[in-house]
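Below are some notes for a colleague who has not yet looked at this structure. They are meant to be read with the sequence and the model in view.

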Amino acid sequence: MKLDILLGLQWGDEGKGKVVDILTPHYDVIARFQGGPNAGHTLEFEGHKFVLRSIPSGIFRDDSVNIIGNGVVLDPVLFMEEASDLEKSGIDLHKVLKISNKVHLILPTHRLLDAALEKSKGSSKIGTTGKGIGPTYTDKISRNGLRLGDTISGFEKSYKEALKRHLDRLEEIGEPVDPKVLEDMEKKWLGAIEYLKTFSIIDTAYEVNGLLDKGKKVLCEGAQGTMLDVDFGSYPFVTSSNTIAAGACSGLGVAPNRVGDVYGIFKAYCTRVGSGPFPTELFDETGKKIRDIGHEYGAVTGRERRCGWLDLVALRYAIMINGVTKLIMMKSDVLDTFDEIKVCNSYRIGSQITDEVPFVMDEKIEPVYETFPGWKTDLSKITDPGQFPEAFKQYIKFIEKETGVPVVIISTGPDRAQTIVLSEIG
Ligand code: GDP
Ligand code: IMO
Ligand code: MG
């Protein structure tokens with residue numbers, strides 16, 4: 001059996017949570033493979049709204065298996081908050097969730113380091129979510145990290161060593177930690193580790209491969225987006241993991257030849273939260289209108305998301321890097337009232353026109369736009385693709401022509417019900 005991957009093609013917040021929820025009935029297993037509580041995946045159905053951060057979006061079906069793979073970084077305290085809220089709302093999380101013994105743990109001092117390092121960067125800060133993601137992956141790659149499996153026995157020594165290293169570094173940056181504050185944070189963190197240990201902690205590589213061998217269908221749920229990938233995104237304004245399709249292989253322990261479909265999600269426009277290049281960003285009333293209608297505020301931090309037109313140069317690049325086989329377009333309804341809709345199809349850099357993402361993505365990039373008439377129709381009420389207005393059909397057709405990939409799902413509102421499936425999925 002093949003494993004399918006669903007991931008964001010832009011700068012995150014494309015609507016991955018909603019789509020995993022839509023696709024879940026077609027799969028037996030949903031697995032997260034990278035990122036951590038920097039993610040905020042929103043699901044809305046039957047009058048409920050949930051924002052998931054570290055937990056896969058398949059948990060609302062009690063016959064699903066949900067896996068947090070080795071590529072994820074987990075904050076025990078935030079995990080406990082998220083998990084206990086879900087359990088309070090009636091989800092039997094202990095039944096449906098399995099966690100890799102190889103996930104790396106976010107320590108309270110990783111979060112302090114994240115904040116201190118951002119502060120020390122001044123105006124060139126990344127604008128991180130402040131969840132300790134960068135420092136935790138740094139420790140993992142420099143072979144100093146602590147894994148969940150390490151907490152089972154003899155973890156005291158490596159914990160103390162990590163703590164000392166972090167405290168020394170914080171002192172060095174001029175952000176010493178008050179011992180009382182540290183003591184409180186430590187107590188909470190150690191308590192949360194005990195809670196984490198009540199879950200099924202296993203070697204998820206054997207689990208996922210075993211499930212595939214048994215003919216089970218696996219969907220990998222990406223976090224962040226391709227333009228935030230540590231190798232292929234707008235470095236250094238990126239997150240610290242591989243958000244691309246290849247990340248699912250290393251973040252779960254599955255071979256590339258087991259990958260089947262790659263679902264690429266994008267919004268009908270673009271957003272970005274945090275600093276860094278964004279060629280089609282709109283600083284005018286149009287950008288504000290997209291933000292207002294799309295409620296473009298961060299699910300984790302509440303920060304304003306920067307908004308702009310769809311960028312096909314970046315989208316084609318993301319499709320290439322990920323081997324996307326099926327496209328899913330989100331938030332189409334947000335553009336319902338616009339007279340004109342623009343799409344960037346190439347970049348002008350000085351006197352050159354290019355359709356490739358350059359090494360340096362900076363303000364020298366001038367987007368070259370194609371303009372489409374708005375569809376001026378309330379898409380959120382449409383239930384059948386036959387009812388789509390002609391201008392909207394042309395918009396989709398243009399994207400398919402320019403990317404060479406079919407659009408299989410159109411999302412026309414935040415609710416599960418506001419979804420139009422154009423061709424077979426799952
Ligand atoms: P994720 O991180 O990719 O899962 O996306 P987020 O949950 O951070 O952000 C997507 C936001 O858009 C959430 O508030 C969703 O409820 C909302 N949303 C998802 N799809 C649609 C849609 O088609 N239309 C509208 N208006 N909102 C949507
Ligand atoms: P989901 O999964 C949007 C951004 C941050 C910052 C950069 C680095 O909900 O799409 P980090 O805390 O990871 O070190 O921050 O990445 N970022 C996201 N932006 N959606 C996300 O996740 C994000 N996770 C991180 O704003 O610019
Ligand atoms: Mg999000």
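## Notes on the model

1. Histidine 295 is found in the loop that runs between α10 (285-294) and β13 (306-308). The model is a predicted one. Phi of histidine 295 is near 45°, which is a positive value in a residue other than glycine. Is histidine 295 buried or exposed? Its relative accessibility is 61%, so histidine 295 counts as exposed, the cut-off for that class being over 50%.

2. Lysine 331 also has a positive phi without being glycine, with a value near 60°. Its place is the loop between β15 (326-330) and β16 (340-349). The relative accessible area of lysine 331 is 22%, so this residue is classed as partly exposed. Buried would require a value under 20%.

3. One peptide bond should be checked by eye. The bond from tyrosine 235 to proline 236 is cis, and its omega is near 5°. Proline 236 belongs to the loop between β10 (218-221) and α9 (245-252).

4. Serine 100 is part of strand β7, which covers residues 97-100. With a relative accessible area of 1%, serine 100 is buried, because buried means under 20%. What does the side chain of serine 100 reach? The partner is the backbone nitrogen of lysine 102, at 2.8 Å.

5. Turning to the ligands, the shell around ligand 1 holds 20 residues, and those that come nearest are Gly15, Lys16, Thr42, Asp333 and Ser411. By class, four of the shell residues are nonpolar, eight are polar and eight are charged. Two elements, α1 (16-23) and β3 (41-45), each supply at least two residues of this shell. As for its site, ligand 1 sits in the second largest pocket.

6. Polar contacts of ligand 1 involve both side-chain and backbone atoms of the protein. An N or O atom in the side chain of aspartate 13 is 2.9 Å from an oxygen atom of ligand 1. From the backbone, an N or O atom of lysine 16 lies 2.7 Å from a ligand 1 oxygen, and an N or O atom of glycine 413 lies 3.1 Å from an oxygen of ligand 1. How much of ligand 1 does the protein bury? Taken alone, ligand 1 exposes 580 Å², and 92% of that is buried by the protein.

7. Ligand 2 is surrounded by 21 residues, and Asp13, Lys16, His41, Thr129 and Thr239 are the closest. The shell around ligand 2 divides into eight nonpolar, 10 polar and three charged residues. Lys16 is thus named twice in these notes: among the residues nearest to ligand 1 and among the closest to ligand 2.

8. Which atoms of the protein come up to the oxygen atoms of ligand 2? A polar side-chain atom of asparagine 38 lies 2.9 Å from one oxygen atom of ligand 2. In threonine 129, a side-chain N or O atom is 2.6 Å from an oxygen atom of the ligand 2 molecule. Valine 273 takes part through its backbone, where an N or O atom lies 3.1 Å from an oxygen atom of ligand 2. On its own, ligand 2 has 550 Å² of accessible area, of which the protein covers 98%.

Note on methods
Residues numbered from 1 in each chain as written. Chains lettered and ligands numbered in written order. Predicted model: local features only at pLDDT ≥ 70, side-chain atom pairs only at ≥ 80, totals over all residues. Heavy atoms only, no water. Near = heavy atom within 4 Å. Polar contact = N/O pair within 3.5 Å; in protein donor to acceptor, adjacent residues only side chain to side chain. Areas by Shrake-Rupley, 256 points an atom, 1.4 Å probe, with all protein chains shown as cover. 1 Å grid on protein atoms, 1.4 Å probe; cavity = no way out; pocket = protein on both sides within 12 Å on 5 of 7 lines; lining within 4 Å. Sits in = over half its atoms within 2 Å of the grid points. Helix = DSSP H or I, 4+ residues; strand = E, 2+ residues; numbered from the N terminus. Nonpolar A, V, L, I, M, F, W, Y, C, P; charged D, E, K, R; others polar. Buried < 20%, exposed > 50% of the residue type's maximum accessible area, 1.4 Å probe, protein only.
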